[in-house]
Amino acid sequence: MTFPENFSEKVDIAKVNLSLIEPWITKRTTELLSLEDDILVQYIMGLLQAEEGIDPRVIQIRVAPFLYRKAAPFVSELWSLLLDAQKNPGGIPTELLERTKAVLQKKRVRTIMLFAVVCSHRFLL
């Protein structure tokens, strides 16, 4: 079995905001399995919080019975996310920060447009 190069990099899980990683795990495993599996999500979260440290190779081997051939790409994505998160303030992966910024920007644009419509309607009255 071969593993990605980044699996040799260590993750200090104490620097990662796991409460933000869990929804990503839920979303990604649901996409891969076409169903939500809370037990699998909690199992993966438990693997990430193991006292003896985390090893992406072990995680991949342990989730393989659930995700089959999709285990390798899933753990590779997860590991990249964790490596990124430990480097950022607050332990938040850049991908999640950017996605949140985009959502907030869309909401802001909608609010401005709604405000403009309301103001123009009041002007016409």
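Q: What handedness does the crossing of helix 3 and helix 4 have?
A: Right-handed: that is how helix 3 passes helix 4. Bear in mind that this is a predicted model.

Q: Which residues make that contact?
A: Helix 3 supplies Pro 56, Ile 59, Gln 60, Val 63, Ala 64 and Leu 67. From helix 4 come Ala 71, Ala 72, Phe 74, Val 75 and Trp 79.

Q: How do the residues of the contact divide into nonpolar, polar and charged?
A: There are 10 nonpolar residues, one polar and no charged in the contact of helix 3 with helix 4.

Q: And the geometry, what are the angle and the distance between the axes?
A: Helix 3, residues 56-67, packs against helix 4, residues 71-87, at an angle of about 140°, and the axes are 8 Å apart. The pair counts as oblique, because an angle has to be over 145 degrees to be called roughly antiparallel.

Q: Gln 60 was in that list. Is Gln 60 buried or exposed?
A: Gln 60, which is found in helix 3, counts as buried because its relative accessibility is 6% and the cut-off is under 20%.

Q: What does Gln 60 touch?
A: Leaving out residues up to four places away in sequence, Gln 60 touches Met 1, Phe 3, Phe 7, Ala 71, Ala 72 and Val 75. Ala 71, Ala 72 and Val 75 also belong to the helix 4 side of the helix contact.

Q: Switching to helix 4. How many residues does it have, and how far does it reach?
A: Helix 4 has 17 residues and reaches 25 Å from first C-alpha to last. That is close to the 24 Å expected at 1.5 Å a residue.

Q: Which residues of helix 4 are buried?
A: Ala 71, Phe 74, Val 75, Leu 78, Trp 79, Leu 81, Leu 82, Leu 83, Ala 85 and Gln 86.

Q: Take Phe 74. What is its relative accessible area?
A: It is 0%, so Phe 74 is buried.

Q: What does Phe 74 touch?
A: Not counting residues up to four places away in sequence, Phe 74 touches Trp 24, Ile 25, Arg 28, Thr 29, Leu 32, Ile 44 and Leu 67. Leu 67 is one of the helix 3 residues in the contact with helix 4.

Q: How far apart are Phe 74 and Leu 114 in space?
A: They are 40 Å apart, C-alpha to C-alpha, and 40 residues apart in sequence.

Q: Now helix 2 and helix 3. What are the angle and axis distance there?
A: Helix 2, residues 38-48, packs with helix 3 at about 175°, with the axes 11 Å apart. The two are therefore roughly antiparallel.

Q: Which residues meet in that pair?
A: Leu 40, Tyr 43, Ile 44, Leu 47 and Leu 48 of helix 2 meet Ile 59, Arg 62, Val 63, Phe 66 and Leu 67 of helix 3. By class the contact has nine nonpolar residues, no polar and one charged.

Q: On to the backbone. Which residue in the loop between helix 1 and helix 2 has a positive phi?
A: Ser 34, with a phi of about 65° although it is not a glycine. Most residues other than glycine have a negative phi.

Q: Is Ser 34 buried or exposed?
A: Ser 34 counts as exposed, at 66% relative accessibility.

Q: What about Tyr 68, where is it?
A: Tyr 68 is in the loop between helix 3 and helix 4. Its phi is also positive, near 55°, and at 61% relative accessibility Tyr 68 counts as exposed.

Conventions
Residues numbered from 1 in each chain as written. Predicted model: local features only at pLDDT ≥ 70, side-chain atom pairs only at ≥ 80, totals over all residues. Heavy atoms only, no water. Axes fitted to C-alpha atoms, helices over the stretch in contact; angles between N-to-C directions. Helix = DSSP H or I, 4+ residues; strand = E, 2+ residues; numbered from the N terminus. Parallel < 35°, antiparallel > 145°, perpendicular 65-115°, else oblique. Left-handed = near helix turned anticlockwise from the far one by under 90°. Contact = heavy atoms within 4.5 Å. Nonpolar A, V, L, I, M, F, W, Y, C, P; charged D, E, K, R; others polar. Expected span 1.5 Å × (residues − 1). Buried < 20%, exposed > 50% of the residue type's maximum accessible area, 1.4 Å probe, protein only.
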